[in-house]
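Welcome! Please take a moment to look over the sequence and the 3D view, and then we can walk through a few places together.

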Amino acid sequence: MRRLAVSLAGLTAVAIAVSGFAPGPSAAEPPAPVDAGPSYYSFKLPVGVTVADLVRDGYDITHGHASRPTLVATPAEVDQLRDRGVVVGKTGSVYQPVVRATSDAAGTTYYGGYHTAAGHEQHNAAVTAAHPALVKLYDIGDSWKKAKGQGGHDIQALCITKRTTGDCALDSTGQKPKLVLHSQIHAREIATGEIAYRWIDLLVTSYGKDPEITSLLDTRELWVIPIANPDGVDVVASNPDEPVLQRKNLDNARGGCPVSDAGVDLNRNSSFQWNVREGEPCDETYPGTMAMSEPETVAVQGLLDKIFRDTKGGVTEPAAAGTTGIFLTLHSFGNDILAPYAYTGTAAPDRAALVALGKKMGALNGYPVSTGGGGVGYLAPGTTDDWLYGTRGVPSYTFEIGPDSGSCGGFFPAYSCFSNTLWPAQKPALLYAARAAGAPYGKLP
Ligand SMILES: [Zn+2]
């Protein structure tokens, strides 16, 4: 949300009329029902105004897909943009009608079934207790609030495998290739944590029953970081019917930002190609005061640093022969697979192999593969996947889950859509990635 606008918290008390599509701006349209909340918009800029200008002015522009950047704005913000000559057309509503789940009342779910950070933690503990031979649970570090003694959370990671001696060690001596699934680093991208939750359940309940999954657990370490930004998820879930659009962590040390605009973008905070020019403290892509300034980044990067061998040369050198493992970081939205590099339009040294593997996964979830800043139309320095590929050579991908809008799209898809379409679409791609992790640069399965 634009930082000069009324904070979202102030708006949530207003009844939001959930409308369907209202395509195209038209001065002749009858007055819409009162709807002070945010919606998704496509936009066309007048000559002399760039997307970067609007981002600098605090507008929330999200790059779901290269050709279709999406504006998330309130009607007041839309009026301001129209005054500047921007042509703005509503493409969809941020919020979908909610069918409340009984677990919502207990605080373990929100928005009809999505799990809160506490819900994930209960789940992680429960599956670890129920499947001790398959699951090892790690506390890999603290959230920003926990590091500051303000409550907060541990960042949790699970290693799922049929454990034998040496498996799931916090070093790179393990013999089984690793797939790491990393979710909800951007708190408002709520389908991503839920995919991790279902993935965990699928793996632990299928061992010994499903031959393919049994074989995967016998031969792979399947690591999951279900919630990389739990403080942010607390904010998102604080309004269970109309989740808050919090993207970043809650580091408000460089204060003065309204609700949902504070924090550091953890996906611009890695120690690879970190770039101070990514934004001001209230911007959605604020990279922090320095690379790895945030405890959440330290936790995730610290884990990956331990479990993957450091065999790659410099930025422009290809991955070492025999590199194993795959890293998937889940985001929303755009129905895309993005392969490194994100920080530059220059092709990654392993571009052809990264695209080939990406296309195999894309054939299963229906997503096209784009590479790098050149491929997606914007540059993103300091991302988690660039860091892991750039320093370790592990094939690393961003999945942009879900369409740009509609009841199954955007940041907050209806939970029924999650169960009926979003999760079923990703499941085969994740299983494929687990298989391919054995020789991701070799002959692909
Ligand atoms: Zn994201």
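## Two helices and their surroundings

In this predicted model, helix α7 (residues 190–206) packs against helix α8 (residues 211–219) at an angle of about 95°, and their axes are 9 Å apart. Angles of 65 to 115 degrees count as roughly perpendicular, so α7 and α8 are roughly perpendicular to each other. Here are the residues that make the contact:

| Helix | Residues in the contact |
|---|---|
| α7 | Leu202, Leu203 and Ser206 |
| α8 | Ile213, Thr214 and Leu217 |

Let us stay with α7 a little longer, since this helix also holds Glu194. Which side chain of opposite charge is nearest to Glu194? That is Arg198, 4.8 Å away. A salt bridge needs a side-chain nitrogen and a carboxyl oxygen within 4 Å, and Glu194 has no salt bridge although it is buried. Beyond its neighbours within four places in sequence, Glu194 touches Gly113, Tyr114, His115 and His120, and also Tyr415 and Phe418.

Now for another part of the chain. Strand β4 covers residues 87–93 and includes Val88. Is Val88 buried or exposed? With a relative accessible area of 1%, Val88 is buried. Tyr40 sits 48 residues from Val88 along the chain, and the C-alpha atoms of the two are separated by 9.8 Å.

Finally, step back to the whole chain. The domain assignment gives domain 1 as 8–93 and domain 2 as 102–436. Taken over C-alpha atoms, the centres of domain 1 and domain 2 are separated by 28 Å.

Note on methods: Residues are numbered from 1 along each chain as its sequence is written. This is a predicted model: local features need pLDDT of at least 70, side-chain atom pairs count only at pLDDT 80 or more; totals for chains, interfaces and linings use all residues. Side-chain values use heavy atoms; hydrogens and water are left out. Domain bounds come from an automatic or database domain assignment. Helices (H or I, at least four residues) and strands (E, at least two) are DSSP runs, numbered from the N terminus. Buried means under 20% relative accessible area, exposed over 50%, partly exposed in between (1.4 Å probe, protein chains only). Lys and Arg count as positive and Asp and Glu as negative; His and the chain ends are not counted. Contact means heavy atoms within 4.5 Å. Axes are lines fitted to C-alpha atoms, for helices over the stretch in contact, and angles run from 0 to 180 degrees between N-to-C directions. Angles under 35 degrees count as roughly parallel, over 145 as roughly antiparallel, 65 to 115 as roughly perpendicular and the rest as oblique.
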